[in-house]
Amino acid sequence: RLILCPGAEFGPAKQWPAEHYALVAEKLIKQGWQVLILGSKSDHAIAADITTKIASTEIKNIHNLCGETELQDAIDLLATADTVISNDSGLMHITAALHIPLIAIYGPTSPSFTPPLAENVQVLQLDVDCGPCFQRSCPEHHHRCMRDIDGEQVLQLIHKLNLTLSGTEATDGTN
């Protein structure tokens with residue numbers, strides 16, 4: 001099971017684009033994964049945007065639960081995940097605390113200040129000349145720090161993370 005956490009209370013600059021989440025979700029659904037989207041009521045719109053980008057033949061395998069769960073329910077659901085993809089958010093930190101395999105996507109914030117505290121995490125952040133800017137919306141109006149992280153990069157990290165966890169690949173100690 002893949003769980004997506006596309007929201008960010010800090011602001012839209014911390015959100016990886018819906019189309020990137022959708023690309024990853026659809027490819028994994030085609031491989032037999034079930035996908036849940038978790039977040040608050042304010043995250044319902046981005047989650048709906050993700051689901052509208054999923055092919056109608058695959059839509060039965062993705063479920064938007066944003067705003068429909070209490071925190072304890074979200075924690076219980078996160079504990080069932082094989083992998084979680086999250087922006088720098090509260091749910092990212094909960095996932096790390098549960099030691100669930102995690103792809104943590106950073107844009108305008110820094111994992112140096114708010115890292116996910118777990119071993120089974122792959123942090124993804126681009127080195128852009130304007131970041132990290134720590135702004136709620138992109139002051140440059142291009143959002144490159146998040147937009148230029150493509151879904152294929154995340155799929156490769158999921159594959160690497162799952163190989164490492166299954167013991168078929170030695171870890172080098174870097175996450």
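Me: Axes are lines fitted to C-alpha atoms, for helices over the stretch in contact, and angles run from 0 to 180 degrees between N-to-C directions. On that footing, why is helix 1 called oblique to helix 2?

Reply: Helix 1 (residues 18-30) and helix 2 (residues 44-52) pack at about 50 degrees, with axes 8 Å apart. Under 35 degrees would be roughly parallel, over 145 roughly antiparallel, and 65 to 115 roughly perpendicular, the rest being oblique. That's why helix 1 is oblique to helix 2. Mind you, this is a predicted model, where local features need pLDDT of at least 70, side-chain atom pairs count only at pLDDT 80 or more, and totals for chains, interfaces and linings use all residues. Residues count from 1 along each chain as its sequence is written, and side-chain values use heavy atoms, without hydrogens or water.

Me: Which residues of helix 1 and helix 2 meet?

Reply: A18, Y21 and A22 in helix 1 meet I46, D49 and I50 in helix 2, contact being heavy atoms within 4.5 Å. By class, that's five nonpolar, no polar and one charged.

Me: What makes helix 3 oblique to helix 4?

Reply: Helix 3 and helix 4 pack at about 50 degrees, with axes 10 Å apart. That angle makes helix 3 oblique to helix 4.

Me: Which residues of helix 3 and helix 4 meet there?

Reply: L71, A74, I75 and L78 in helix 3 touch L91, I94 and T95 in helix 4. The contact divides into six nonpolar, one polar and no charged residues.

Me: What lines the largest pocket?

Reply: The lining has 19 residues, and E9, G39, S40, D43 and L91 lie nearest the centre. Helix 3 (71-78) and helix 4 (90-97) are the elements that give two or more residues to the lining. By class, the lining divides into eight nonpolar, six polar and five charged residues.

Me: How much volume does the largest pocket have?

Reply: About 260 Å³, taken as the space filled by probe spheres set on the grid points.

Methods
Helices (H or I, at least four residues) and strands (E, at least two) are DSSP runs, numbered from the N terminus. Ala, Val, Leu, Ile, Met, Phe, Trp, Tyr, Cys and Pro count as nonpolar, Asp, Glu, Lys and Arg as charged, and the others, Gly among them, as polar. On a 1 Å grid over the protein atoms alone, a cavity is a set of points where a 1.4 Å probe fits but cannot get out, and a pocket is an open set with protein on both sides within 12 Å along at least five of seven lines; lining residues have an atom within 4 Å of a point.
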